[in-house]
Amino acid sequence: MEAILLARLAEGGEQFKGEDPAEVLELEPDDAVVSVGPLRYDVMVASLPGDELLVRGKVGCEVVFRCARCAQSFTLEVTENPYVRSYELQDETESVDLTPDMREATLLAFPAYPVCKSECLGLCSKCGKDLNQGLCECVPEPDARWGGLDGLEI
Ligand SMILES: [Zn+2]
Ligand SMILES: [Zn+2]
């Protein structure tokens, strides 16, 4: 988004909602990230007494990840919510560019180990079959010890 011009900021604050092209995230697709959507923001920006600019709302983007277990693509909304930042204003400050912090917050919100669902079974290490679609022949009877873990959020 364009830098906030302090002289034009409405008294009592102003809502900024929109999106920037995904390029502002400067993220190269890699093994885990298939594609990235635009950087979306929905923030309230207000200048407070004491020369402070307060930004509050949410930022994030939609990402298509490749599951670290089964390699299927899945879409996840990556957000920081609430997103809260404050900027100290100097006398000579005319504008504040919010995009660098929004970009950083969004990138930090990316999961380190993206999985399509917590109970994803992944691929068979022998034949490569997607075990979410059924067991393959190389897998012996399901281990009864895992039964007790069903339904647990991991
Ligand atoms: Zn998966
Ligand atoms: Zn197998």
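## A turn, a sheet and a core

Asp51 sits in the loop between β4 and β5. That's a handy place to start a tour of this predicted model. What is the state of Asp51, buried or exposed? Asp51 is exposed, because just 12 other C-beta atoms lie within 10 Å, and a residue counts as exposed at 12 or fewer. Its phi is near 55°, a positive value in a residue that isn't glycine.

Right there in the turn you'll also meet Gly50, with a positive phi of about 90°. The turn belongs to a hairpin: β4 and β5 have three residues between them. Another spot to look at is Glu26, in the loop between β2 and β3 (33–36). Glu26 is exposed, since it has 8 other C-beta atoms within 10 Å.

Most residues other than glycine have a negative phi, and most peptide bonds are trans. Here are two residues that go the other way on phi:

| Residue | Phi | Place |
|---|---|---|
| Glu26 | near 50° | loop between β2 and β3 |
| Asp51 | near 55° | loop between β4 and β5 |

The peptide bonds have a surprise too. Asn81 and Pro82 are joined by a cis peptide bond, with omega at about 5°. Pro82 is part of strand β6.

Now zoom out. The chain has one helix and seven strands, and if you walk from the N terminus the order is β-β-β-β-β-β-β-α. Of its 154 residues, 15% are buried. Take the contacts between residues at least 6 apart in sequence: 60% of them link residues at least 24 apart.

How do the strands line up? β4 and β5 are antiparallel and share nine bridges; for example, Val45 has Val55 in β5 as its bridge partner. β4 also pairs with β2 (residues 14–20), again antiparallel, this time through seven bridges. In that stretch, Glu19 stands opposite Arg40 of β4.

Which side chains of β4 point to the buried face? Follow the strand and you'll see them alternate: Leu39, Tyr41, Val43, Val45 and Ser47 point to one face and are buried. Arg40, Asp42, Met44, Ala46 and Leu48 point to the other face and are not buried.

In soluble globular proteins, nonpolar side chains tend to be buried together. In this chain, the largest nonpolar core has 20 residues, and Leu39, Val59, Cys61 and Met102 have the most contacts inside it. β4 (39–48), β5, β6 and α1 (99–108) each bring at least two residues to this core, with β5 giving the largest share, six residues.

Val59 is a good one to click on. Setting aside residues up to four places away in sequence, Val59 touches Leu39, Arg40, Tyr41, Thr79, Glu80, Tyr83, Met102, Ala105 and Thr106.

Last stop: Arg69, in the loop between β5 (52–66) and β6 (73–88). Why does Arg69 count as partly exposed? Because it has 18 C-beta neighbours inside 10 Å, and the partly exposed class falls between 12 or fewer for exposed and 20 or more for buried. Beyond its neighbours within four places in sequence, Arg69 is in contact with Val115, Cys120 and Gly122. The C-alpha atoms of Arg69 and Lys117 are separated by 9.6 Å, although these two residues are 48 apart along the chain.

Definitions and conventions
Residues are numbered from 1 along each chain as its sequence is written. Chains are lettered from A and ligands numbered from 1 in the order in which they are written. This is a predicted model: local features need pLDDT of at least 70, side-chain atom pairs count only at pLDDT 80 or more; totals for chains, interfaces and linings use all residues. Helices (H or I, at least four residues) and strands (E, at least two) are DSSP runs, numbered from the N terminus. Two residues are in contact if their C-beta atoms, placed from the backbone, lie within 7 Å. A nonpolar core is a set of buried Ala, Val, Leu, Ile, Met, Phe, Trp, Tyr and Cys residues joined through C-beta atoms within 7 Å. Two strands pair if DSSP finds at least two bridges between them.
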